[in-house]
Amino acid sequence: MKTIDLRSDTVTLPTPKMREAMSNADLGDDVFGEDPTINRLEEIAADKTGKQAAMLVASGTMGNLICSLTHCGRGDEAILGDQSHMFYYEGGGMAALGGIHPHIITNQPDGKMLLADIDSAVRGEDVHFPRTRLICLENTQNRCVGSVLEPEYCDSVAALAKRRGLSVHLDGARIFNAAVALGIDVKKLTRSADSLMFCLSKGLSAPVGSMVCGSSEFIAEARRTRKILGGGMRQGGIIASAGIVALEEMIDRLAEDHINAKNLAEGISQIDGVSIEPSKVQTNIIYFDLLQDNRDKTDEQFLAKLDEKGIKLLNLGPAHFRMVTHYGINSKDIDTALTALTEVMKGT
Ligand SMILES: *Cc1c(COP(=O)(O)O)cnc(C)c1O
């Protein structure tokens, strides 16, 4: 029985082409700037996102942290959404390691922060206040059903930032999902950001790694920060080679994941005892809730029953579950997952 693992797109395994690229990669010491494969990946990433320079990092969390630390000093403030990954899931890294004060404002259900909320969160000059330095956006917005921020919105946040003398960091872990969902060049989504992080290791299916992109000056500073965090990776071309395949071959197919997610959500909406809004699904992430009335199973029992049928998903709160479609999950797997969910809900 094939396991259909819908917990996250991070479970994707490298493609055969990636494995081949990894075993043949030209290597050198990247801390000396001498790994030709990393250098090539960084050029491709900068080029694709329309930035002057890029840098490979070990993870998305490390990339976001490096950007926060590069933009802000101790006691500075960063504005970010209450549903953002940087606030929710990164161990409070900016505060723990950078002394950066997170100023949290509400993410609307569509993932956006209201411009008025951002504007009123920016501090004036006053000895009582931390200094606002940074606004962080997230696209797609993981905790808001993988919702997409459009270029016009990102541009208006950047205009606000400019007016108030701030920088913009984009947590673009899944920025290519956003670009594919909108059917636009990713540069339209990245042009508004002073710095950007995106993951190679999620829907793009590389085994390890994320990219930080920005101006040459920003990336030069970010390299110092990466070294301080122990993120200099020597012959990292082994993983960069898979990243190159990810950027050259794995972007367009994300559209397939979005179709699968939509079909999964629509199928789930037909199952009794489950609440979901399929119209909210824009990319590869879906959430659903088990209705509390007459429930005969705990969340753990529900997961265990699905597990027996080879289906894995993520429990993210009482009766609240997430599923993510990705490379390795095809439309037949979606049907299998829907059948399993239907049976588990019926108790058969
Ligand atoms: C996964 C994710 C990250 C962090 O990436 P890791 O490689 O898991 O550290 C950051 N932001 C968002 C929105 C993510 O989904």
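A cavity here is a set of grid points where a 1.4 Å probe fits but cannot get out, and its lining residues have an atom within 4 Å of a point. Keep in mind that we're looking at a predicted model.

**Enclosed spaces**

With that in hand, a search of the whole structure turns up 3 cavities of 30 Å³ or more. The largest cavity holds about 50 Å³ of space. Around it you'll find Gly81, Ser84, Asn107, Gly111, Lys112, Met113, Cys136, Leu137, Glu138, Gln141, Leu149 and Tyr153. Strand S5, residues 131–138, supplies the largest share of that lining, with 3 residues. Sorted by class, the lining comes out as 5 nonpolar, 5 polar and 2 charged residues.

The second largest cavity has about 40 Å³ of space. Its walls are made by Ala173, Arg174, Ile175, Phe176, Asn177, Cys199, Lys202, Gly203, Leu204 and Leu254. Here helix H8 (residues 175–182) gives the most, again 3 residues. The class split for this lining is 6 nonpolar, 2 polar and 2 charged.

**Charged pairs**

Now for the salt bridges. Side chains of opposite charge can pair when their charged atoms come close. Across the whole structure, the search finds 21 salt bridges. Here are three of them:

| Salt bridge | Closest N to O |
|---|---|
| Glu249 and Lys17 | 3.0 Å |
| Glu248 and Arg40 | 3.4 Å |
| Lys112 and Asp110 | 3.4 Å |

Take the pair of Glu249 and Lys17, whose closest N and O atoms are 3.0 Å apart. This pair ties together distant parts of the chain, with Glu249 in helix H11 (residues 237–249) and Lys17 in helix H1 (residues 16–24), 232 residues apart. Glu249 has 42% relative accessibility, so it counts as partly exposed. Lys17 is partly exposed too, with a relative accessible area of 47%.

Helix H11 also appears in the next pair. The side chains of Glu248 and Arg40 meet in a salt bridge, at 3.4 Å from N to O. This is another link between distant parts of the chain: Glu248 sits in helix H11 and Arg40 in helix H2 (residues 36–49), 208 residues apart. Is Glu248 buried or exposed? At 51% relative accessibility, Glu248 counts as exposed, because the cut-off for that label is over 50%. Arg40, at 43%, is partly exposed.

The third pair takes us back to the largest cavity, since Lys112 is one of its lining residues. Lys112 forms a salt bridge with Asp110. Glu150 comes into the picture as well: salt bridges that share partners join Asp110, Lys112 and Glu150 into one network. Lys112 counts as buried, at 18% relative accessibility, whereas Asp110 is partly exposed at 35%.

**Cysteines**

What is the count of disulfides? It comes to 0. Cys136 is in no disulfide, and the nearest cysteine sulfur, that of Cys72, is 7.3 Å away. A disulfide needs two cysteine sulfur atoms within 2.5 Å, so this pair doesn't qualify. Cys136 is buried, with a relative accessible area of 4%, and it belongs to the lining of the largest cavity.

Cys199 is in no disulfide either; for this residue the nearest cysteine sulfur is that of Cys213, 11 Å away. Cys199 is buried as well, at 5% relative accessible area, and it is one of the residues lining the second largest cavity.

Terms used: Residues are numbered from 1 along each chain as its sequence is written. This is a predicted model: local features need pLDDT of at least 70, side-chain atom pairs count only at pLDDT 80 or more; totals for chains, interfaces and linings use all residues. Side-chain values use heavy atoms; hydrogens and water are left out. On a 1 Å grid over the protein atoms alone, a cavity is a set of points where a 1.4 Å probe fits but cannot get out, and a pocket is an open set with protein on both sides within 12 Å along at least five of seven lines; lining residues have an atom within 4 Å of a point. Grid points are joined across faces, edges and corners, and a volume is the space filled by probe spheres set on the points. Helices (H or I, at least four residues) and strands (E, at least two) are DSSP runs, numbered from the N terminus. Ala, Val, Leu, Ile, Met, Phe, Trp, Tyr, Cys and Pro count as nonpolar, Asp, Glu, Lys and Arg as charged, and the others, Gly among them, as polar. A salt bridge is a side-chain nitrogen of Lys or Arg within 4 Å of a carboxyl oxygen of Asp or Glu. Buried means under 20% relative accessible area, exposed over 50%, partly exposed in between (1.4 Å probe, protein chains only).
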